[in-house]
Amino acid sequence: MIIITKAVLWAVSEGITKGTTDTTFSPNATVSRAQTVTFLWRMANKPMISGNNPFYDVVKGDYFYDAVLWAAAMNTNNRNHTYNIFAQ
């Protein structure tokens with residue numbers, strides 16, 4: 001449990017995650033693809049990518065919108081951009 005605590009404290013202090021609420025973290029919860037790409041994007045210091053959104057199921061306003069555009073630009077998703085592997 002100490003290892004998890006240190007990792008959580010680091011992620012919170014770096015702004016990568018805030019937890020499941022303001023006062024809790026859920027280490028046994030499943031992390032979605034949208035959350036995963038958002039964690040990676042935040043670790044990369046939230047780079048902003050310009051360009052068109054290649055996904056029909058990701059819309060501006062989704063909390064993971066900028067992270068998914070960044071991931072697409074980094075070629076971390078499926079090759080033909082026909083569907084969003086980060087959708088919840």
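Student: Before we start, what do "buried", "exposed" and "partly exposed" mean here?

Tutor: Buried means under 20% relative accessible area, exposed means over 50%, and partly exposed is anything in between.

Student: Okay, so where does Leu40 fall, buried, exposed or partly exposed?

Tutor: Leu40 has a relative accessible area of 45%, so it counts as partly exposed. Keep in mind that this is a predicted model.

Student: And which helix is Leu40 in?

Tutor: Leu40 sits in helix H2.

Student: Does anything go with it on the surface? I mean, which residues form the nonpolar patch?

Tutor: Leu40 makes up a nonpolar surface patch with Trp10 and Met43. Together, the three have about 320 Å² of accessible area.

Student: Let's try Thr38. Where is that one?

Tutor: Thr38 is also in H2, the helix that covers residues 33–43.

Student: Buried or exposed?

Tutor: Buried, because its relative accessibility is 2%, and the cut-off for buried is under 20%.

Student: What does Thr38 contact, if I skip its close neighbours in sequence?

Tutor: Once you leave out neighbours within four places in sequence, Thr38 is in contact with Tyr63, Phe64 and Ala67.

Student: Phe64, got it. Which residues have the most contacts inside the largest nonpolar core?

Tutor: Phe64 comes up again there, along with Val37, Phe55, Val58 and Val68. That core has 13 residues. At least two of them come from H2, and at least two from helix H3 (65–73).

Student: Which helix gives the largest share?

Tutor: That's H3, with seven residues of the core.

Student: Zooming out now. How many helices and strands are there?

Tutor: The protein chain has three helices and zero strands. Going along the sequence, the pattern reads α-α-α.

Student: How much of the chain is buried?

Tutor: The chain has 88 residues, and 27% of them count as buried.

Student: And what about the accessible surface of the whole chain, how much is there?

Tutor: It comes to about 6300 Å², and carbon and sulfur atoms account for 57% of that.

Student: What share of the contacts join residues at least 24 apart?

Tutor: Taking contacts between residues at least 6 apart in sequence, 49% join residues at least 24 apart.

Student: Last topic, confidence. What's the average pLDDT?

Tutor: The chain averages 82, and 81% of the residues score at least 70.

Student: Which helix is lowest and which is highest?

Tutor: Helix H1 (residues 2–13) is lowest, with a mean of 81, while H2 is highest at 92. H2 is the helix that holds both Thr38 and Leu40.

How values were computed: Residues are numbered from 1 along each chain as its sequence is written. This is a predicted model: local features need pLDDT of at least 70, side-chain atom pairs count only at pLDDT 80 or more; totals for chains, interfaces and linings use all residues. Side-chain values use heavy atoms; hydrogens and water are left out. Helices (H or I, at least four residues) and strands (E, at least two) are DSSP runs, numbered from the N terminus. Buried means under 20% relative accessible area, exposed over 50%, partly exposed in between (1.4 Å probe, protein chains only). Contact means heavy atoms within 4.5 Å. Accessible areas come from the Shrake-Rupley method with a 1.4 Å probe; for residues, only the protein chains shown count as cover. pLDDT is the predictor's confidence in each residue, from 0 to 100. A nonpolar core is a set of buried Ala, Val, Leu, Ile, Met, Phe, Trp, Tyr and Cys residues joined through side-chain atoms within 4.5 Å. Patches are made of residues with over 30% relative accessible area and no salt bridge: like charges are joined within 9 Å, nonpolar side chains (Val, Leu, Ile, Met, Phe, Trp, Tyr) within 5 Å. A salt bridge is a side-chain nitrogen of Lys or Arg within 4 Å of a carboxyl oxygen of Asp or Glu.
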